[in-house]
Amino acid sequence: MSAQILDGKLLAAQLKKQLKDVIEELHKDNKKVSVVSITVGNDPSTFSYLKSQKKAAEDLGIRYKEINFPITSRQDEVLNLINQIDQDSSIHGVIINKPLPAHIEDSILINRLDASKDIEGLGERNQGRLLLGKSSILPCTAAAALELLRFSGVVLKGKQAVVIGRSEIVGKPMALLLLKEDVTVTICHSKTENLPAMIQRADIVVAAIGKPLFVKGDWLKPGAIVIDVGINQQDGKIVGDVDFESCKEKASFITPVPGGVGPVTSVMLMKNVVEAFKNIL
Ligand code: NAD
């Protein structure tokens, strides 16, 4: 058996089309949806992410502005800008790009930002509301992984999922989103014993580990759906956390890397700007 590929580029294009219609409708009122993307320093690892943010915004007619602080900037200088943005009703969403230099703490920046403009959904208010099952701006990578699962067309309710990784950015919100879909969720992490045996039970495997080609095909239950969130550099190439070649022989559906979760994440970010514009909190 060879798995069907869950094509993130195709899904991203479909979602963009739907979103474009919504944005055009919103723009009829002469208000323009607008987003600001903040970087501190010029870490090359953010270049491609910035490029894809900009492209996604421009394709959708969202106003996009990048603000770059020199690497030597103090935390309070960045906080000053966030205070100004919080007061500025013409800006609907903010992206705080990582990595930040060591003297700047991302959680302080994110939590200073008004939760209604936290379009990455990573602040305490949005994460707390997600935990409580209230309307919130969703962490976009986990939301993208869920969209890809839905794209498979498989009924999620009642399935067993293993989420590998317990980060605030991906693993934990992913588990909560799956729980909301009536999936039975197990979260595994670096201290989990006998990971292959845990994965063997899972109908759905979401890998968010940060270790190249880590999940092997012979760990999978036959027919499992595999969502690979990982982005790793290996021998000059981008690879996921899943050993795609062996896993595709065992899975029913699998996301490729690149071209899986990544492209959908950028669209979810823009979907969140629209949610922020509508002020859903
Ligand atoms: P992280 O380093 O914060 O968390 C990694 C998690 O993996 C931890 O919870 C850890 O417990 C777990 N882990 C580490 N070693 C393990 C092991 N041997 N067995 C089981 N679990 C183990 O990383 P993150 O920010 O959650 O990102 C995870 C991956 O997803 C990275 O490759 C990152 O680049 C990628 N990512 C992709 C997107 C996207 O849009 N596609 C967005 C964010 C992160």
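The following paragraphs lead through the structure, from the ligand site to individual residues in helices, strands and loops. The model is predicted, and residue numbers start from 1 along the chain as its sequence is written.

The ligand offers a convenient point of entry. Its surroundings comprise 22 residues, of which R166, S167, S190, K211 and I231 come nearest. Sorted by class, this shell holds nine nonpolar, ten polar and three charged residues. Helix α10, spanning residues 261–278, supplies three residues, the largest share of the shell. Several pairs of N or O atoms link the protein to the ligand. At R166, a backbone N or O atom is 2.8 Å from an oxygen atom of the ligand. At S167, an N or O atom of the side chain lies 2.5 Å from a ligand oxygen. At V229, the partner is a nitrogen atom of the ligand, which lies 3.4 Å from a backbone N or O atom of that residue. On its own the ligand has 860 Å² of accessible area, and the protein covers 72% of this.

Helix α10 also serves as a landmark for the loop that precedes it. P258 lies in the loop between β11 (253–254) and α10. The peptide bond that leads from V257 into P258 is cis, with omega near 0 degrees. A second cis peptide bond is found between K98 and P99, where omega is about 5 degrees. P99 belongs to the loop that runs between β4 (93–96) and α4 (106–112).

Strand β11 itself contains I254. This residue counts as buried because its relative accessibility is 0%, and the limit for burial is under 20%. Leaving out residues up to four places away in sequence, I254 touches A3, Q4, I5, L6, V226, V242, F244, C247 and K248. The list thus includes residues numbered 3 to 6 as well as residues in the 240s. I225 can be placed relative to I254 by distance: the two are 29 residues apart in sequence, and their C-alpha atoms are 5.9 Å apart in space.

C247, one of the residues touched by I254, leads to the question of disulfides. How many disulfides does the model contain? The count comes to zero. C247 is in no disulfide, since the nearest cysteine sulfur, that of C188, is 15 Å away, whereas a disulfide requires sulfur atoms within 2.5 Å. C247 is also buried, because its relative accessibility is 0%. C140 is another buried cysteine, with a relative accessible area of 6%.

Helix α6, which covers residues 140–151, contains A142. Is A142 buried or exposed? With 0% relative accessibility, A142 is counted as buried. Apart from its neighbours within four places in sequence, A142 is in contact with V170, P173, M174 and L177. Helix α7 spans residues 171–180, so three of these contacts, P173, M174 and L177, have numbers that fall within that range. I23, by contrast, is 119 residues from A142 along the chain, and their C-alpha atoms are separated by 23 Å.

Helix α2, residues 47–60, holds Q53. Although its side chain is that of a glutamine, Q53 counts as buried, at 1% relative accessibility. Which residue does the side chain of Q53 meet in a polar contact? Its partner is the side chain of N97, at 2.8 Å. N97 also appears among the residues that Q53 touches, which are S37, Y64, I95, N97, L269 and M270 when residues up to four places away in sequence are not counted.

Two loop residues complete the picture through their backbone geometry. N30 is not a glycine, yet its phi is positive, at about 70 degrees. N30 is located in the loop between α1 (8–27) and β2 (34–40). Its relative accessibility of 73% classes N30 as exposed, because the threshold for that class is over 50%. D182, likewise a residue other than glycine, has a positive phi near 65 degrees. D182 sits in the loop between α7 and β6 (184–188). At 46% relative accessibility, D182 counts as partly exposed.

Notes. Predicted model: local features only at pLDDT ≥ 70, side-chain atom pairs only at ≥ 80, totals over all residues. Heavy atoms only, no water. Buried < 20%, exposed > 50% of the residue type's maximum accessible area, 1.4 Å probe, protein only. Near = heavy atom within 4 Å. Polar contact = N/O pair within 3.5 Å; in protein donor to acceptor, adjacent residues only side chain to side chain. Areas by Shrake-Rupley, 256 points an atom, 1.4 Å probe, with all protein chains shown as cover. Helix = DSSP H or I, 4+ residues; strand = E, 2+ residues; numbered from the N terminus. Nonpolar A, V, L, I, M, F, W, Y, C, P; charged D, E, K, R; others polar. Contact = heavy atoms within 4.5 Å.
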